[in-house]
Amino acid sequence: MTTFRIGEAAELLGVSADTLRRWVDAGKVAAGRDEHGHRVIDGVDLAAFARSQAAEADAGAEGSSARNRLRGIVTAVVKDTVMAQVDIQAGPFRVVSLMSREAADELDLQVGSVAIAVIKSTTVVVERVLERGHR
């Protein structure tokens with residue numbers, strides 16, 4: 001059984017350890033104690049909680065087959081006469097989108113704008129972490 005200490009679990013959820021402790025204290029996430037008395041969260045429980053949080057965030061996905069939606073801030077927009085590159089920082093993740101200049105202009109994408117990167121792909125590479133922090 002995989003368990004995570006509060007700091008590790010918080011990092012996986014993209015929140016602070018204090019936020020996760022508050023959620024545990026409020027009963028939103030189940031936690032136990034390890035042999036040293038540190039709070040730990042079972043991997044299955046953490047996955048279920050993460051799934052429930054993602055379901056709440058998917059409210060804007062109605063009418064779309066894409067389920068991978070990352071809300072973030074536009075950090076760069078580079079345009080030429082035909083194409084545009086738009087960088088979005090969504091939490092710890094940098095998403096780079098290439099689109100037509102026309103689309104970028106119609107969306108009025110500017111540095112500092114809030115945007116949602118909607119990702120739909122038939123190829124997703126998954127790597128398993130064998131030891132914490134190593135692939």
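**View 1. Leu-20 and its contacts.** Skipping anything within four places in sequence, Leu-20 is in contact with Ile-6, Ala-9, Ala-10, Leu-13, Val-15, Val-29 and Ile-41. Keep in mind that this is a predicted model.

**View 2. The largest nonpolar core.** Here's the bigger set that Leu-20 belongs to: 11 residues make up the largest nonpolar core. Alongside Leu-20, the members are Phe-4, Ile-6, Ala-9, Ala-10, Trp-23, Val-24, Val-29, Ile-41, Leu-46 and Phe-49. Three elements give two or more residues each to this core, namely helix H1 (6–13), helix H2 (17–25) and helix H3 (43–57).

**View 3. A second core.** Separate from that one, there's another core of 10 residues. Ala-104, Leu-109, Ala-115 and Ala-117 are among them.

**View 4. A nonpolar patch on the surface.** Val-82, Met-83, Val-96 and Leu-98 make a nonpolar surface patch of about 370 Å². Met-83 sits in strand E5, which covers residues 83–90. Why does Met-83 qualify for a patch? Its relative accessible area is 38%, so it's partly exposed and clears the cut-off of over 30% that patch residues need.

**View 5. Zooming back out to the chain.** Walk along from the N terminus and the elements go β-α-α-β-β-α-β-β-β-α-β, with four helices and seven strands in the chain. Of its 135 residues, 24% are buried. The accessible surface adds up to about 9,700 Å², and carbon and sulfur atoms account for 52% of that. As for contacts between residues at least 6 apart in sequence, 42% join residues at least 24 apart.

Definitions and conventions
Residues are numbered from 1 along each chain as its sequence is written. This is a predicted model: local features need pLDDT of at least 70, side-chain atom pairs count only at pLDDT 80 or more; totals for chains, interfaces and linings use all residues. Side-chain values use heavy atoms; hydrogens and water are left out. Patches are made of residues with over 30% relative accessible area and no salt bridge: like charges are joined within 9 Å, nonpolar side chains (Val, Leu, Ile, Met, Phe, Trp, Tyr) within 5 Å. Accessible areas come from the Shrake-Rupley method with a 1.4 Å probe; for residues, only the protein chains shown count as cover. A salt bridge is a side-chain nitrogen of Lys or Arg within 4 Å of a carboxyl oxygen of Asp or Glu. Buried means under 20% relative accessible area, exposed over 50%, partly exposed in between (1.4 Å probe, protein chains only). A nonpolar core is a set of buried Ala, Val, Leu, Ile, Met, Phe, Trp, Tyr and Cys residues joined through side-chain atoms within 4.5 Å. Contact means heavy atoms within 4.5 Å.
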